[in-house]
Amino acid sequence: MKINEKSLVKFASSGAPADKEGPLLKRGELNKGFQKRWFVLKGNLFFYYERRMDKEPIGVVVLEGCTIELAENTDGFTFQIVFPGSHSRTYTLAADTQEEMEAWMKVLACASYDYMKLMVADLQQQIEEMNSETQQRLVEQAKRDSKMVHTHYQKISFSDPGDSNFSDLLGLTLEEEPSNVTQGRITNQRFNPFNSTANNTLQSGGSKAGQKFDFTNDYDEPSEMSHKSFIDLHEEYGTQIQCLSELWRTGAVIRNSLLLSPDIL
């Protein structure tokens, strides 16, 4: 591997943050004694300096294709950076304490690019598994919701319209008046806008909330329609639509509360 020495020196002296730095004892390649050096780890580059305040390192170890191992047959807290091959160099280092040795060994073992690739691949696999589990949960939730709705409307389908509970299943509240329930049939009432009585009601302020409209007598008896301006007709029909919207919203709230009731699940 060809390494540009100037680029390494520039990177070592740059403001890039160090992953770890501190003193270690290093055994020389020719002189087998230990000498104290200042080590700085940046990425997968392990720089070492003769003194801490030096501007340029005296050496660097590229942490690729190597293993971090405990040193055998040595005293003290010694470990090694081992490269494969008979002609490869083995770096022997020593820390002051057991805790410091373990910390250096862990950070050096995780500094290589190969280790980072393994970590990324593992994270990608975990993300895929999480996405798969999330999709499965969504499918199961959709099945539960579908079953809940099916069960609810199945109750409505097999219910007798004359039954007192039928209106509750539909989410409607009926007043106990003969005009509202006729032979088990639900009838709603609304005002005919062309009826003089209805016109008086609309002109006096519209219908009250909850007032019903008659859907059955719209065209039973035609009445004379007076000539009205577009604005008058717009106000009359607008009031009628607002009243119908209130009734629809009230029924929708009750139906939603039935769907969300735990008794249906």
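Glu-133 has a relative accessibility of 46% and is therefore classed as partly exposed, since that category covers values between the limit for buried residues, under 20%, and the limit for exposed residues, over 50%. In the predicted model examined here, Glu-133 is part of helix 3, which covers residues 113–157. A patch of negative charge on the surface brings Glu-133 together with Asp-122, Glu-128 and Glu-129.

The chain as a whole contains six helices and nine strands. Of its 265 residues, 25% are buried. The surface exposed by the chain amounts to about 19,100 Å², and carbon and sulfur atoms supply 54% of that area. Among the contacts in the chain with a separation of 6 or more, 45% are made by residues 24 or more positions apart.

Salt bridges were examined next. The search of the whole structure returned five of them. One joins Glu-29 to Arg-89, with the closest N and O atoms 3.4 Å apart. This pair links distant parts of the chain, as the two residues are 60 residues apart. Glu-29 belongs to the loop between strand 1 (20–27) and strand 2 (34–42), whereas Arg-89 belongs to the loop between strand 6 and strand 7 (91–95). Both partners are classed as partly exposed: Glu-29 because its relative accessibility is 49%, and Arg-89 because its relative accessible area is 23%.

A salt bridge within a helix is formed by Asp-114 and Lys-117, whose closest N and O atoms are 4.0 Å apart. The two residues both lie in helix 3 and are separated by three residues, about one turn of the helix. Asp-114 has a relative accessible area of 39% and so counts as partly exposed. Lys-117 is likewise partly exposed, because its relative accessible area is 44%.

A further salt bridge connects Arg-51 with Glu-50, the closest N and O atoms being 3.8 Å apart. Arg-51 has a relative accessible area of 52% and is therefore exposed, while Glu-50, with 40%, is partly exposed. These two residues also take part in a network of salt bridges that includes Asp-54.

Attention then turned to individual positions in the strands, loops and helices. Val-82 is located in strand 6, which spans residues 77–82. When neighbours within four places in sequence are left aside, the contacts of Val-82 are with Cys-66, Thr-67, Glu-69 and Thr-90. The C-alpha atoms of Val-82 and Thr-92 are 8.6 Å apart in space, and the two residues are ten residues apart in sequence.

The loop between strand 5 (67–70) and strand 6 contains Asn-73. Most residues other than glycine have a negative phi. Asn-73, by contrast, has a positive phi of about 60° although it is not a glycine. Asn-73 counts as exposed because its relative accessibility is 84%.

Lys-10 is placed in helix 1, formed by residues 5–13. With a relative accessibility of 64%, Lys-10 is over the 50% limit and therefore counts as exposed. Lys-10 and Lys-55 are 45 residues apart in sequence, and their C-alpha atoms are 9.8 Å apart in space.

Taken together, helix 3 holds Glu-133 as well as the salt-bridged residues Asp-114 and Lys-117. Strand 6 holds Val-82, and the loop between strand 6 and strand 7 holds Arg-89, the partner of Glu-29 in a salt bridge.

Terms used. Residues are numbered from 1 along each chain as its sequence is written. This is a predicted model: local features need pLDDT of at least 70, side-chain atom pairs count only at pLDDT 80 or more; totals for chains, interfaces and linings use all residues. Side-chain values use heavy atoms; hydrogens and water are left out. Helices (H or I, at least four residues) and strands (E, at least two) are DSSP runs, numbered from the N terminus. Contact means heavy atoms within 4.5 Å. Patches are made of residues with over 30% relative accessible area and no salt bridge: like charges are joined within 9 Å, nonpolar side chains (Val, Leu, Ile, Met, Phe, Trp, Tyr) within 5 Å. Accessible areas come from the Shrake-Rupley method with a 1.4 Å probe; for residues, only the protein chains shown count as cover. A salt bridge is a side-chain nitrogen of Lys or Arg within 4 Å of a carboxyl oxygen of Asp or Glu. Lys and Arg count as positive and Asp and Glu as negative; His and the chain ends are not counted. The place of a charge is taken as NZ of Lys, CZ of Arg, CG of Asp or CD of Glu. Buried means under 20% relative accessible area, exposed over 50%, partly exposed in between (1.4 Å probe, protein chains only).
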